[in-house]
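Let's take a walk through this model together. Have the sequence and the 3D view open, and follow along as we go from one part to the next.

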Amino acid sequence: MPLPHWDETLTCETATLPTKSPTKSPMMSQRNVTLEDFDGNVISGFWQYENATVSWTHFYAWLRRIIQTDGSWTIFELDETMPGRRGPKKTESDLGRELVKPGRYIILKEDGSPISVGLTQEKYRRRPLTVLNTPERVPTNGYRERTRDRDKKCLITDLESTWTRLRAAHIFPRTHLSEWLQEGFNDRITDPGGAPLLQAQVDQLDASRPIKSESKIDSIQNVFLLRADLHECWVNYEFGVNPDDGYRITAFVRGLSDIHGSFLHIEHISDPHIRPLDILFRDHFFQCVLKNVKGATGEPTWDYEDGGFDLSRQDIWGGAEGKERLEVELSNRLFGYQTQAVV
């Protein structure tokens, strides 16, 4: 099974606004696989579904991206009755595609001695939790209509339905346009429909509202169609698509057994110039790992209730994460007003 090529980076998009202050909700998933260090600190974990898909190859690949050590390491079963709490060794070379069984594990040096383990400071890319972030008057090169024409169904569930049950979701979020440009993702887009806006379209806009005519972030190579209720799950990094594992869908929280382990329905899109890009799915998958697998409990999910922000709630918005969330929401809502300089 090929390893995810997470040496490239990326993200996603979202949707409408809230009314009350957001509150942090506990992780939906209760982990049944945990990894501890020698001192008993939980440094990683995930939920392995009954129809298990996460192999030792996958788990080792995830860990290489989120942990930092001062030497080579390996995983052992955790056995409190044994010296050093060390049970049988679980090496990638021996187990590979074998599925990880629920349980407790410990990370040590290859000889079984303790090793110092740290976590990457990299955070998952925040996305706004609102419902529609494209102003009606802003031309988008018709990405919704083009995505519907190309996909014709939910690429996650294979559902063919009315458009009210389907939604076009960005793989890399429009909110992080500057990062999109810095990483050169616009140069990866070969979609002829993702070209700059026609001057006639630009002329229809107010001069005070310049549009991103060359970012190509709204190309259908960065968008795909999925069932409406799964849109929020996608934005929250609750599941991802691994293009290096046959486009297998991995759910990182409980409650998504209906899609976990299935495969993206993308075989009918043969034209590489309109097909969603693997590098974007790959990056979104890594964001899922950063949010859900890293650390003792993973990152909490922020829930918004119908409408606006009560910025007087300093206990929520006064902290570092609250300020970061507010910045993301403002960037999301002001997307159509931003200017762009593409060299």
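How do α1 and α7 lie to each other: roughly parallel or roughly perpendicular? Keep in mind while looking that this is a predicted model. Helix α1 covers residues 56-66, and its axis sits 10 Å from that of α7, at an angle of about 75°. Angles from 65 to 115 degrees count as roughly perpendicular, so α1 and α7 are roughly perpendicular to each other. At the crossing, α1 brings Trp62, Arg65 and Ile66, which meet Phe285, Phe286, Val289 and Leu290 of α7.

Now zoom out for a moment. The protein has 343 residues, and 52% of them count as buried. Its secondary structure adds up to nine helices and 13 strands. Take the contacts between residues at least 6 apart in sequence: 77% of those join residues at least 24 apart.

How far can you trust what you see? The average pLDDT is 79, and 69% of the residues score at least 70. Over residues 195-213, though, pLDDT stays under 50, and the model has 33 contacts there beyond four places in sequence. Residues 339-343 also have a pLDDT below 50, with nine contacts in the model beyond near neighbours in sequence. Where pLDDT is low, the predicted coordinates should not be read in detail.

On to the inside. In soluble globular proteins, nonpolar side chains tend to be buried together. Here the largest nonpolar core has 39 residues, and Ile156, Phe224, Leu226, Trp234, Phe239, Leu256 and Leu264 are those with the most contacts inside it. Two or more residues each come from β9, α4 (177-182), β10, α6, β11, β12 (248-251) and α7, and β10 gives the most, with four. Click on Leu264 for a sense of how this core is joined up: leaving aside neighbours within four places in sequence, Leu264 is in contact with Leu155, Ile156, Phe224, Val241, Tyr247, Ile249 and Phe281. There is also a second, separate core, with 29 residues, including Phe46, Phe59, Trp62 and Phe285. Trp62 and Phe285 should look familiar from the α1 and α7 crossing.

Next, have a look at helix α6, residues 228-235. Leu230, His231, Cys233, Trp234 and Val235 are buried in this helix, and their cover includes β9 (166-170), β10 (223-227), β11 (239-242) and α7 (278-292). After α6 comes Tyr237, with a positive phi, near 60°.

Over in strand β10 you'll find Arg227. Is Arg227 buried or exposed? Buried means under 20% relative accessible area, and Arg227 has 16%, so this arginine counts as buried. Its side chain makes a polar contact with the side chain of Asp258, at 3.5 Å. Beyond its neighbours within four places in sequence, Arg227 is in contact with Cys154, Thr157, Leu159, Arg165, Leu166 and Asp258.

One last stop: Val100, in the loop between α2 (92-95) and β7 (103-108). Despite sitting in a loop, Val100 is buried, because its relative accessibility is 2%. Residues up to four places away aside, Val100 touches Val33, Phe46, Gln48, Val54, Ser55, Trp56, Phe59 and Tyr105. Phe46 and Phe59 are among the residues of the second core. The C-alpha atoms of Val100 and Ala52 are separated by 8.0 Å, with their places 48 residues apart along the chain.

Terms used: Residues are numbered from 1 along each chain as its sequence is written. This is a predicted model: local features need pLDDT of at least 70, side-chain atom pairs count only at pLDDT 80 or more; totals for chains, interfaces and linings use all residues. Side-chain values use heavy atoms; hydrogens and water are left out. Buried means under 20% relative accessible area, exposed over 50%, partly exposed in between (1.4 Å probe, protein chains only). Contact means heavy atoms within 4.5 Å. pLDDT is the predictor's confidence in each residue, from 0 to 100. A polar contact is a pair of N or O atoms within 3.5 Å; within protein, one must be able to donate a hydrogen and the other to accept it, and residues adjacent in sequence count only if both atoms are side-chain atoms. A nonpolar core is a set of buried Ala, Val, Leu, Ile, Met, Phe, Trp, Tyr and Cys residues joined through side-chain atoms within 4.5 Å. Axes are lines fitted to C-alpha atoms, for helices over the stretch in contact, and angles run from 0 to 180 degrees between N-to-C directions. Angles under 35 degrees count as roughly parallel, over 145 as roughly antiparallel, 65 to 115 as roughly perpendicular and the rest as oblique.
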